[in-house]
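Let's take a walk through this one together, from the overall outline down to single residues. Have the sequence and the 3D view open as you read.

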Amino acid sequence: MSLFQKAKGAFKSAKCKVGMHGGNYSKMEGKPQCYLSKTCPDCDEVVVKNKHKYGNDFYVREMNCLKRSTCVHCDHAVEKIIHHYTFDRVDAGCNVFERCARCDLVKKTNSKKHTWGDWSVTAPGRSSRACVFCGEQDHKQIN
Ligand SMILES: [Zn+2]
Ligand SMILES: [Zn+2]
Ligand SMILES: [Zn+2]
Ligand SMILES: [Zn+2]
């Protein structure tokens, strides 16, 4: 590194100090299309970034919910879990459970499915009913 470059580096702009370097990204030579780099005109720092273009995601294995998509330019991959939940059952507390059709994972949902009894008048202008399983109350105004 020359003296001139050293001096230049010592006077990094405020933006450079927080990693916001100037310059425009261009494709890197000898690298896949998704590799970009730029040289900051203020501090000469070379900044490299990837701009992957992911293809369609696909399940990696049968009976497993890991999905992968691979960059069309290089072999960089991202993975995510995507379950296919469908209704499974309701427990004694009326909590709804769902089961994944692919991997059999069961999860408790935030929703409840009550089995309501009949409405009865509990106070003037007010009607109530209760769930026959968990006792949850439901009220409504009546005229
Ligand atoms: Zn810079
Ligand atoms: Zn890539
Ligand atoms: Zn699953
Ligand atoms: Zn209930």
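What follows goes from the whole chain to its sheets and then to a few residues.

First, some housekeeping. This is a predicted model, in which local features need pLDDT of at least 70 and side-chain atom pairs count only at pLDDT 80 or more, while totals for chains, interfaces and linings use all residues. Residues are numbered from 1 along each chain as its sequence is written, and chains are lettered from A and ligands numbered from 1 in the order in which they are written.

Start with the big picture. The protein chain has two helices and 12 strands; helices here are DSSP runs of H or I with at least four residues, strands are runs of E with at least two, and both are numbered from the N terminus. Going along the sequence, the pattern is α-α-β-β-β-β-β-β-β-β-β-β-β-β. The radius of gyration is 30 Å, well over the 15 Å that the globule rule gives for 143 residues, so the protein chain is more spread out than a compact globule. (That radius is taken over C-alpha atoms, and the globule rule is 2.2 Å times the number of residues to the power 0.38.) Along the principal axes, the C-alpha atoms of the protein chain fill a box of roughly 90 × 45 × 25 Å.

How much of the protein chain counts as buried? Just 1% of the 143 residues do. For that label, a residue needs 20 or more other C-beta atoms within 10 Å of its own; with 12 or fewer it is exposed, in between it is partly exposed, and the C-beta atoms are placed from the backbone. Contacts give another view: among those in the protein chain with a separation of 6 or more, 20% come from residues 24 or more positions apart. Two residues are in contact if their C-beta atoms, placed from the backbone, lie within 7 Å.

Now split the protein chain into parts. The domain assignment gives domain 1 (3-50), domain 2 (54-82) and domain 3 (85-141), with bounds that come from an automatic or database domain assignment. Between the centres of domain 2 and domain 3, taken over C-alpha atoms, there are 37 Å.

Let's begin with the stretch around N24. This residue is in the loop between α2 (14-17) and β1 (26-27), and it counts as exposed, with 8 C-beta neighbours inside 10 Å. For a feel of the distances, look at N24 and R126: they are 102 residues apart in sequence and 69 Å apart in space, C-alpha to C-alpha.

A little further on, strand β2 (residues 35-39) pairs with β3 in the antiparallel sense over five bridges; two strands count as paired if DSSP finds at least two bridges between them. Within this pair, L36 stands opposite K49 in β3. The hairpin has six residues between the strands, and D44 takes a positive phi near 65 degrees there. Strand β3 (residues 46-50) has zero buried residues among its five, so it lies largely in the open.

Next comes an open sheet of three strands in the order β4-β5-β6, with antiparallel pairing. β4 (58-59) and β6 (77-81) are at the edges with a single partner strand each, so one side of each has no neighbour in the sheet. Strand β5 (residues 66-70) is joined to β6 by five bridges, and K67 stands opposite K80 in β6.

Further along, C94 sits in the loop between β7 (85-90) and β8. Its phi is near 70 degrees, a positive value in a residue other than glycine. Most residues other than glycine have a negative phi. C94 counts as partly exposed, with 17 C-beta neighbours inside 10 Å.

After that, four bridges join strand β8 (residues 95-100) to β9 in an antiparallel pair, where F97 stands opposite K108 in β9. Five residues lie between these strands in their hairpin, and D104 in the turn has a positive phi of about 70 degrees. D104 counts as exposed, with 9 C-beta neighbours inside 10 Å. In strand β9 (residues 106-112), the number buried is zero of seven, so this strand too lies largely in the open.

Finish at S127 in strand β11 (residues 126-130). S127 is in contact with W119, S120, V121, T122, K140 and I142, leaving aside neighbours within four places in sequence.
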